[in-house]
Amino acid sequence: MRRWKWLALVAAAGILASAAAAFGATAHHTAGATLVVDNSFTIKTSDPQRAFDPTASIIDRALYDTLFTYKGGDLANPIPLLVSSWKATNGAKTFTFQLKKNVHFANGTPLTSKDVVFSFNRLVNIKGNPAFLLAGVKVKAAGKYGVVMTSATPDTELPAILANPSTGIVNSALVKAHGGTSAANASTADKAETWLNTPASAGAGSGPYVLKSFSTTSQVVLAPNAKYWGPKKPGFSTVVVRNMIATTQLINVQRGTHEIAIDLAADQATGLQGNSKLHVSLQPSTWVFWLFANNDPKVSSVTSNEQWQQAVRYALDYKSILSVAGPGAIQAPGLIPSMFLGSLPQKDAVKQDVAKAKAALAASGQGSQQVTLQYPSDLTINGVPFTTMAEKVQANLQAEGFNIQLSGSPTSNWLTAYRSGQMAFGLSLWGPDYPDPADYLTFAPGQLVGLRAGWAKGADPAIEKLAAKALVTTNAAQRKAIYQQFQHDLNESGPYFPLMQPTQVFVSTSDLKNAVFNAEYDVDVTQVSPK
Amino acid sequence: MSSLAYGLRARARSSRIPAAWRQPLAIAGTVIAFAWIVIAVFAPLIAPSNPLAQSFPASESPSLHHLFGTDELGRDVLSRVIYGSRVSLPIALALVAIAATIGSIVGAVAGYFRGFVDGILMRSTDLVFAFPPIILAMVVAAVLGRGLFNAALAIVVVAWPSYARIVRGLVLSVGDSEYVQSARLLGASSRRALVRDVLPNVIGPVFVLATLDLANAILLLSGLSFLGLGAQPPQAEWGSMVAEGTQYFQWWWIGTFPGLAIFTVVLAFNFLGDSLRDVFDPRTARRAVESDA
């Protein structure tokens, strides 16, 4: 009996000790500051060439430098990180990069073109989730610090892609020594993942931080890279990325120091706005909600009717649709989100025009025809449930004389129907694969999304010509103009109706400098420092 | 979901409630049930606004203007709860009537003819009994497709076997009684014996079961709608309203009031069914009288 008592005491002491250890992350900041990032974990690995999840992006951004990166929350302008100069030739099919010569990995080995070639080939050949980023791109070294990348089709978005943490450069010699390979059979032959997920892999990256401990379920801890090559030394002696649900993040960030919460809902965050110890940012997310009307008369003679489409476009009450998402959301002026190059200014957004809508609906002769709006009923993005959104759209359209039925289905079923191109009228969304407007050319006739909306190749030669031109233009100013024109044209006669960008919430304690949300990395911890 | 299934099983079936307390419960049950029926019938007159009308700003907390507050699209929750009764109550009534009819016919045929017919019919009811009701209803509703009609159909599929089993037992015992035997000897047809002699003895227990089942049907229907298989938006249905409420916990009124509506209706029909059983059962009826005296 007495022995049990002792056991209980020991267990209690153990629990206390581990609780103290858990709080240690926030409590100890005497020996240099600790940055705590609270995040609902989505991470399978920290191996950059395998990882393609938001939490992994936070960590890999700190561990592995990329050729390009972004400053603050901006996604429109990739800026060189490992690159000293670069040029695109041959109609954006060939890119030549010159690497900086002073870069070395955390173990002191210089970073050269062979590391870049190894990393990119490893990315493609592992065939993991991020492999598509460089699919079809050939990479070869040109001297010790030159890298040449070529592709069969124009690749204007390459600098943006090369800012993705999955294109982080690993130390080829060290990774090879631990079972890594970039050969064609890397998907089975590469054995470096386990090693990369341990602190022993510290020399594999050239970023400002190295891995101190790694768990996909509780927390990932980073320590400064003592030999960091960059001009700005790491701002914290420890960075802890912890797995927390939103409600716990809400409590933590209010009592924390040097703390960031990423996953709060807009209304949770608005409750914090009066708190002087916190910085609350509610900004448009990169997700775009949009409706489409199938352009194929074989799918629906109603939704393919041009006048009916115009009527939908001008009947929607875009302001009231925003109310579904709460503060911080904006009307999507086009399909390209507001923070990307080539996005339309707010003033160019379609405005509700009831008279125009009614006239168009009457002209279409299809006003009385019942149309079913299909949406994924179990999906919620940035706190906005699709069901609520669909009900809002229905009420908007019914008010102007449309006859709209709703039909929700589980996301997997909805996706099947949507991808088949047989859906007449759908509520959908698009999140960028990489922060470049080229990702949105898929909406052109005959392209992936175009076909889903029944918009076949040749349906609108003017828009297709513009899309083809966008693909080969590399000059940033020209690209901006082309992509804006592309969206103006879509807004005039395309089968899509961009609705809104919901709210991305980002809360940080006000003792942090440069703590901003970045859609590519969630937060770039390498830029954050204590005030 | 698990709590739903649990709720279905844990319905107030027990006779642990002391007999003296039964009458007040019966009265409470009758009053609440009647009130809901009145609300359902006169919904357009009672509801303060159109249950589908959206207003802005949305998600207002309960006030004098909106007694139950407004939901995430600015629709009046009180009006939606009132209109919700027009969905749940009639459908539950109709499908319990259908289930009771189908189950009773199957049970009567099985009990009266016995032998091979009995074997076939009862094994098929056992087959349905083998599945937890909510799971089976979900499967049926999912296969048929979303929508209220299919959800109701799914509940009929789940509900009829209990009637079949009860009626079969009663028919077996009544069929053996001397007056039925004599009627048969006097040349009455099977149909006549079933309708004239057996049916009146069976109707009471079936009626009790049906009243209790009304509560179950409303719960199942709400459950299927909660899971997105029943009523489709924007229709005001209690289960789907509760489901909407779970998306917005910070606005407690969106899910709480439809939840309370389900709660009161289910409780009322349970009270009613329990009391009816006491009335129809000669033993408990006598006991109730004795304890009253």
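Colleague: Which strands does helix α8 of chain A lie across, and at what angle does it run to β11(A)?

Modeller: Helix α8 (residues 246-255) of chain A lies across β1, β11 (259-261), β12 and β21 (503-509) of chain A. Its direction is at about 150° to β11(A). Helices and strands here are DSSP runs numbered from the N terminus (H or I, at least four residues, for a helix; E, at least two, for a strand). Angles go from 0 to 180 degrees between N-to-C directions, using axes fitted to C-alpha atoms, for helices over the stretch in contact.

Colleague: Any caveats before I go on?

Modeller: This is a predicted model, so local features need pLDDT of at least 70 and side-chain atom pairs count only at pLDDT 80 or more, while totals for chains, interfaces and linings use all residues. Residues are numbered from 1 along each chain as its sequence is written, and chains are lettered from A and ligands numbered from 1 in the order in which they are written.

Colleague: Now the sheet. What is the order of its strands?

Modeller: The general idea: strands in a sheet pair through backbone hydrogen bonds, in parallel or antiparallel fashion. Two strands count as paired if DSSP finds at least two bridges between them. In chain A you get an open sheet of 7 strands with mixed pairing, ordered β8-β9-β10-β1-β11-β21-β12. β8 (209-213) and β12 (278-284) of chain A are the edge strands, each with a single partner, so one side of each has no neighbour in the sheet. On average, neighbouring strands of this sheet are turned by 20° against each other, direction ignored.

Colleague: How does β8(A) pair with β9 of chain A?

Modeller: Antiparallel, over 4 bridges, with β9 covering residues 219-224. The two form a hairpin with 5 residues between them. To find the register, look for A:Ser213, which stands opposite A:Val221 in β9(A). Then follow A:Val221 across to β10(A), where A:Val240 stands opposite. β9(A) and β10(A) run antiparallel too, joined by 4 bridges.

Colleague: And on to β1 of chain A: how many bridges join it to β10 of chain A?

Modeller: There are 6, between β1 (residues 34-39) and β10 (residues 238-243), and this pair runs parallel. A:Thr34 has A:Thr238 as its bridge partner in β10(A).

Colleague: How many residues of β10(A) are buried?

Modeller: Burial is a neighbour count: with C-beta atoms placed from the backbone, 20 or more others within 10 Å means buried, 12 or fewer means exposed, and in between is partly exposed. β10(A) is mostly covered, with 5 of its 6 residues buried.

Colleague: A:Asn243 is in that strand. Why is A:Asn243 classed as partly exposed?

Modeller: Because A:Asn243 has 18 other C-beta atoms within 10 Å. Beyond four places in sequence, A:Asn243 is in contact with A:Asn39, A:Ser40, A:Phe41, A:Thr217, A:Ser218 and A:Gln219. A contact means backbone-placed C-beta atoms within 7 Å.

Colleague: Let's zoom out. Which domains does the assignment give chain A?

Modeller: Domain 1 is 32-281 + 506-530 and domain 2 is 288-501; such bounds come from an automatic or database domain assignment. Their centres, taken over C-alpha atoms, are separated by 33 Å. At the boundary, 18 residues of domain 1 of chain A are in contact with 18 of domain 2 of chain A. On the domain 1 side, α4 (158-161) and α9 (266-270) of chain A are the elements giving two or more residues, and α9(A) gives the largest share, 3 residues.

Colleague: What about chain B: how many helices and strands does it have?

Modeller: 12 helices and 0 strands. Of its 293 residues, 47% count as buried.

Colleague: How do α4 and α5 of chain B cross?

Modeller: The axes of α4 (residues 77-113) and α5 (residues 115-129) of chain B come within 7 Å and cross at roughly 145°. Residues making the contact include B:Val106 and B:Phe113 of α4(B), and B:Leu121 and B:Met122 of α5(B).

Colleague: How many residues of chain B touch chain A?

Modeller: 12 residues of chain B are in contact with 17 of chain A. The chain B side divides into 6 nonpolar, 5 polar and 1 charged. The classes are nonpolar (Ala, Val, Leu, Ile, Met, Phe, Trp, Tyr, Cys and Pro), charged (Asp, Glu, Lys and Arg) and polar (the others, Gly among them).

How values were computed: Two residues are in contact if their C-beta atoms, placed from the backbone, lie within 7 Å.
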